[in-house]
Amino acid sequence: MIQEEARFEQMLAIYCAPVLKKYKVANMFHLDHDAFTDIQHLTRLYQQKLNDKGISIKLLQSDLHRMTIFVYQKNRLSLWLKKKEIQQFLADFHYPKEPLSKLFAHLDDRLHHCPVYPHEIGIFLGYPLSDVRSFCQRKPCLFRGYWNVYQYPQAAKRLFQLYDDCTHELLSGLCHGYSIEQLI
């Protein structure tokens, strides 16, 4: 199990470093159900380890072969999703206004039943609303990084570099024997 914890920590560092370092509201990654012996146990374990740091982990699509591990700053995500313009955008997809648990339940339902991947997930990941809207409208983007950027490319490039630096820092720390909790 120790090897699986180390592999899971490495995945957290690779896919969620900006969230763990509190520069980004949320990130996610996908896993096959058989990637770990007991992914439910691992997510509960890391939920406990990261909870006092304000980080939460949510399993989405947990009943499918390929599930989504959603890692987020609970307080920041809740505040982000309460913004009027965000709520108006999500209302177009029939999301409730709150609580966060109901928003996640609706997102999970959409992940299960939408014929295409629900593009509004970018909102849950903290992407700028203007970029999510432009993506949904299939406008040409200026460049691709952590998301497709439609406005403010220089600011996005600086932010993406910060995200890359966070990932490098966490992976380096893990290679030197530190745990995720020690690195954040």
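**Reading the terms in a predicted model**

Q: Where in this predicted model does R138 lie?
A: R138 lies in the loop that runs between helix α7 (129–136) and strand β4 (143–144).

Q: Why does R138 count as exposed?
A: A residue is called exposed when its relative accessible area is over 50%, and R138 has a relative accessibility of 75%, so R138 counts as exposed.

Q: What is notable about the phi of R138?
A: The phi of R138 is positive, at about 60 degrees, although R138 is not a glycine. Q61, in the loop between β2 (55–60) and β3 (66–73), also has a positive phi, near 55 degrees, and is likewise a residue other than glycine.

Q: Is Q61 buried or exposed, and how do you know?
A: The word buried applies under 20% relative accessible area, and because the relative accessibility of Q61 is 8%, Q61 counts as buried.

Q: What makes S179 count as buried?
A: The limit is again 20%, and S179, at 19% relative accessibility, falls under it and therefore counts as buried. S179 is found in the loop between α8 and α9 (180–183), and, if its neighbours within four places in sequence are left aside, S179 is in contact with E9 and L174.

Q: Why are α1 and α2 called oblique to each other?
A: Helix α1 (residues 2–20) and helix α2 (residues 39–51) pack at an angle of about 55 degrees, with their axes 12 Å apart. Angles under 35 degrees count as roughly parallel and those from 65 to 115 as roughly perpendicular, and an angle of about 55 degrees fits neither range, so the two helices are oblique. Their crossing is right-handed, and the residues of their contact divide into 8 nonpolar, 1 polar and 4 charged.

Q: Which residues of α1 and α2 meet?
A: Among those in α1 are F8, L12 and L20, while the residues they and others meet in α2 include I39, L42 and Y46.

Q: Why is the pair of F160 and Y163 called tilted?
A: Rings pair if their centres lie within 6.5 Å, and planes under 30 degrees apart count as stacked while those over 60 count as edge-to-face. The ring centres of F160 and Y163 are 6.3 Å apart and their planes stand at 35 degrees, so the pair is tilted. F160 and Y163 are both buried, and they belong to one aromatic cluster together with Y127, F143, Y146 and W147.

Q: What separates F160 and Y163 along helix α8?
A: Because F160 and Y163 are 3 residues apart in helix α8 (residues 153–175), about one helical turn separates them.

Definitions and conventions. Residues numbered from 1 in each chain as written. Predicted model: local features only at pLDDT ≥ 70, side-chain atom pairs only at ≥ 80, totals over all residues. Heavy atoms only, no water. Axes fitted to C-alpha atoms, helices over the stretch in contact; angles between N-to-C directions. Helix = DSSP H or I, 4+ residues; strand = E, 2+ residues; numbered from the N terminus. Parallel < 35°, antiparallel > 145°, perpendicular 65-115°, else oblique. Left-handed = near helix turned anticlockwise from the far one by under 90°. Contact = heavy atoms within 4.5 Å. Nonpolar A, V, L, I, M, F, W, Y, C, P; charged D, E, K, R; others polar. Phe/Tyr/Trp six-rings, centres within 6.5 Å; stacked < 30°, edge-to-face > 60°. Buried < 20%, exposed > 50% of the residue type's maximum accessible area, 1.4 Å probe, protein only.
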